[in-house]
Amino acid sequence: MGTTQAALVATAFALLSSRASAHAFVRTASPAVGSVVSQPPGQVVIDFTEDVEPEFSSINVQNASGVRVDAGNVHPARGRSHLAVGLKPLPPGKYRVIWHATSTDTHKTAGVYTFTVKR
């Protein structure tokens, strides 16, 4: 194998390896991570860095007392890398979003962030 062929094989292997070890993390969210919103949102939407499997992923939204305030209807939104969940009417206060994502390559990730509905 020549030098050029070896370099191509090494490059292909590196690209495949980095893709195979990818995980779905939050790229953007609405409401945004750490945000203060003046109007209560009707849903939480998370845009992940990878496509996710909705049936093996979740979004749970809790109030400051730990009571669940989402509607439990996690579903794809705007493509396979976006998940959304509806919310019950939210009074002013701080809310915690707990997410678990299983990417299409079966890697699992999880995280937590907060947002606040302004008084």
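**Exercises on strands, core and two acidic residues**

In this predicted model, the hairpin of S7 and S8 has five residues between its strands, and Thr106 takes a positive phi near 75 degrees there.

**Exercise 1.** Work out how S8 pairs with S7 and with S2, and which residues stand opposite each other.

*Solution.* Start with the hairpin partner. S7 and S8 run antiparallel and share 10 bridges. For one matched pair, look at Arg96, which sits opposite Thr114 in S8. Now go to S2 (residues 36-37): two bridges link this strand to S8, and here the sense is parallel. On that side, Val37 faces Val117 in S8.

**Exercise 2.** Sort the residues of S8 into a covered and an uncovered face.

*Solution.* Walk along the strand and split it. The covered face holds Thr109, Gly111, Tyr113, Phe115 and Val117. That leaves Lys108, Ala110, Val112, Thr114 and Thr116 for the uncovered face.

**Exercise 3.** Find the members of the largest nonpolar core that touch the most other members, then trace which strands feed the core.

*Solution.* A bit of background: in soluble globular proteins, nonpolar side chains tend to be buried together. Here the largest nonpolar core counts 21 residues, and the ones touching the most other members are Val44, Ile46, Phe48, Ile59, Val61, Val97 and Phe115. Next, the elements: two or more residues come from each of S3 (43-48), S4 (58-62), S6 (82-86), S7 (93-102) and S8 (108-117). S7 is the top contributor, with four residues. Finally, zoom in on Val97. Not counting residues up to four places away in sequence, Val97 touches Val44, Ile46, Ile59, Asn60, Val61, Gly111, Val112, Tyr113 and Phe115.

**Exercise 4.** Decide whether Asp70 is buried or exposed, and list what its side chain reaches.

*Solution.* First, place the residue: Asp70 is in the loop between S4 and S5 (75-76). Its relative accessible area is 4%, so Asp70 is buried, as the cut-off is under 20%. Then check polar partners. The Asp70 side chain gets to the backbone nitrogen of Val61 at 2.9 Å, and a polar atom of that side chain is 2.8 Å from the backbone nitrogen of Gly72. Beyond four places in sequence, the contacts of Asp70 are Ile59, Asn60, Val61, Val85, Gly86, Leu87 and Lys88.

**Exercise 5.** Locate Glu53 and find the side chain with which its own side chain makes a polar contact.

*Solution.* Glu53 is in the loop between S3 and S4. Its side chain makes a polar contact with the side chain of Arg80, at 3.2 Å. Setting aside neighbours within four places in sequence, Glu53 is in contact with Arg80, Thr102, Ser103 and Thr104.

Terms used
Residues numbered from 1 in each chain as written. Predicted model: local features only at pLDDT ≥ 70, side-chain atom pairs only at ≥ 80, totals over all residues. Heavy atoms only, no water. Core = buried A, V, L, I, M, F, W, Y, C linked by side-chain atoms within 4.5 Å. Buried < 20%, exposed > 50% of the residue type's maximum accessible area, 1.4 Å probe, protein only. Contact = heavy atoms within 4.5 Å. Pairing = 2+ DSSP bridges. Polar contact = N/O pair within 3.5 Å; in protein donor to acceptor, adjacent residues only side chain to side chain.
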